[in-house]
Amino acid sequence: MESIKSFTDNNLSFYRTTHYFEQYGEFYTVDQFHEYCNWAKANNTKVYILGNGSNTLFTRKRVKSLVLKNKLHKKITALPGNRLEVSSSTLIIDVLKYCYENSLESFYYLASVPATIGGALAMNAGRGREHQLTIYDFVETINFFDFESNCIKTFAREDIVKGYRETIFTGIQSRLILSATFKFTNLTLKKNPIVERCKWSKTNQDYSAPNCGSVFKKADFDILNKLKGFSFGGAAFSSKTGNWILNTSNSSIPIVILIHFVKILHFMKREIAALEIITVD
Ligand SMILES: Cc1cc2nc3c(=O)[nH]c(=O)nc-3n(C[C@H](O)[C@H](O)[C@H](O)COP(=O)(O)OP(=O)(O)OC[C@H]3O[C@@H](n4cnc5c(N)ncnc54)[C@H](O)[C@@H]3O)c2cc1C
């Protein structure tokens, strides 16, 4: 396919590691996405749907997967009854700004998360496990294109969420989220919750180097806390924020090694560490 490009870049993941992307394409319509998937199937190539890359770790110097960047039109459409239809390429912060300007309750705790709506819905993005709050608290339905059955489907949230940071889309590259409808309730806001959340993030989360936020969705926090400040190559566990890897290397190998090290420590303690970030090879 002519539209598939190869190039070297350090901007597709928030870890800012540099890779040679053997196959990269952008889709502006569902038909284009479909065409890329057909090409990938015919060429025995894995597909990776890329939102904003804030939860994506490319593991190899040369990335072989066909990386497909979501360039669908960004759109927020108001529907009756405090409901919104939002396209998957829209950024979280744009939805939150709309909610704030219209005095609506929302997932303001995601204000500092640099994600697309599609990525957040695929990942069941939310607050930490103990808070039991996720973007799905506001979701009514999701529209997605299913490559396997070659049709657009609409599912209600109860058919989508599988668990903490897990949905029927997590790590599955044949279902492209197109849009979602959200329902919000009215709320009187005294302070700007977006500003408040960003202040909280600055105080509590480590932005001193590129990162993808929390690394593991399930882990033994005794192990992770002991690793605070531990570094290898240009990657280090933050000494400020637990379960958070900071990266200054061009290569993703130091991050991969830190992750393996954590998994070995868990194995030795007969515990399980499950990754939150999505790895792509
Ligand atoms: C500073 C920082 C703070 C963060 N804080 C939080 C937090 O508080 N809570 C939290 O949950 N996460 C947090 N994250 C992680 C991350 O932002 C979320 O997982 C987010 O949902 C990823 O969105 P994205 O658009 O960047 O997705 P990407 O990283 O591009 O992709 C993530 C996954 O979603 C899939 N995907 C993306 N778009 C679509 C689509 N349209 N259809 C189907 N699948 C799709 C991808 O294939 C991949 O499997 C943080 C990250 C950073 C950098």
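Pro193 sits in helix H4. In this predicted model, that proline counts as partly exposed because 19 other C-beta atoms lie within 10 Å of its own, and 20 or more would be needed to call a residue buried. Pro193 also shows how a chain can fold back on itself: Leu96 is 97 residues away in sequence, yet the two C-alpha atoms are 9.2 Å apart in space. Another residue to look at is Gln205, found in the loop between helix H4 (193-204) and strand E13 (216-218). Gln205 has 15 C-beta neighbours inside 10 Å, so it too is partly exposed. Its C-alpha atom is 22 Å from that of Lys97, with the two positions 108 residues apart along the chain.

Next comes the ligand. Its surroundings are made up of 32 residues, and the closest are Gly51, Ala115, Gly118, Gly119 and Gly213. Which elements each supply at least two residues of this shell? Strand E3 (47-50), helix H3 (117-123) and strand E12 (175-183) do. H3 gives the most, with five residues. Sorted by class, the shell has 16 nonpolar residues, 16 polar ones and no charged ones.

Now for the sheets. Strands of a sheet pair through backbone hydrogen bonds, and they can do so in a parallel or an antiparallel way. One open sheet here has four strands in the order E1-E2-E5-E3, and its pairing is mixed. Strand E1 (5-9) and E3 are at the edges with a single partner strand each, so one side of each is left without a neighbour in the sheet. On average, neighbouring strands of this sheet are turned by 40° against each other, direction ignored. E1 and strand E2 (residues 19-27) run antiparallel and are joined by four bridges. Along this pair, Phe7 stands opposite Phe21 in E2.

A second open sheet has five strands, in the order E6-E7-E12-E8-E9, with antiparallel pairing. Here the edges belong to strand E6 (76-79) and E9, and each has a single partner strand, so one side of each lacks a neighbour in the sheet. Neighbouring strands in this sheet are turned by 20° against each other on average, again ignoring direction. E12 turns up in this sheet as well as in the shell around the ligand.

At the E9 edge, strand E8 (residues 139-146) and E9 pair in the antiparallel sense over six bridges. The two strands form a hairpin with four residues between them, and Asn150 in the turn has a positive phi of about 55°. Across the pair, Phe144 has Lys153 of E9 as its bridge partner, while Ile142 stands opposite Phe155 in E9. How many of the six residues of strand E9 (residues 151-156) are buried? The count is zero, so to speak a strand that is hardly covered.

Finally, helix H6 (residues 253-268) gives a neat check on helix geometry. At 1.5 Å a residue, its 16 residues should span 22 Å, and the end C-alpha atoms are indeed 22 Å apart, which agrees. Pro254, Ile255, Leu258, Ile259 and Val262 are the buried residues named in H6. Why do they line one face of the helix? Seen down the axis of H6, the buried residues fall within an arc of 145°, so they end up on one face. An α-helix has 3.6 residues a turn, so residues three or four places apart point the same way. The face of H6 turned away from the buried side carries the exposed residues His260, Ile264, Phe267 and Met268.

Terms used: Residues are numbered from 1 along each chain as its sequence is written. This is a predicted model: local features need pLDDT of at least 70, side-chain atom pairs count only at pLDDT 80 or more; totals for chains, interfaces and linings use all residues. A residue is near a molecule or strand if its C-beta atom, placed from the backbone, lies within 6 Å of it. Ala, Val, Leu, Ile, Met, Phe, Trp, Tyr, Cys and Pro count as nonpolar, Asp, Glu, Lys and Arg as charged, and the others, Gly among them, as polar. A residue is buried if 20 or more other C-beta atoms lie within 10 Å of its own, exposed if 12 or fewer, and partly exposed in between; C-beta atoms are placed from the backbone. Two strands pair if DSSP finds at least two bridges between them. Axes are lines fitted to C-alpha atoms, for helices over the stretch in contact, and angles run from 0 to 180 degrees between N-to-C directions. The expected span of a helix is 1.5 Å times one less than its number of residues. The arc is that of the directions from the helix axis to the C-beta atoms.
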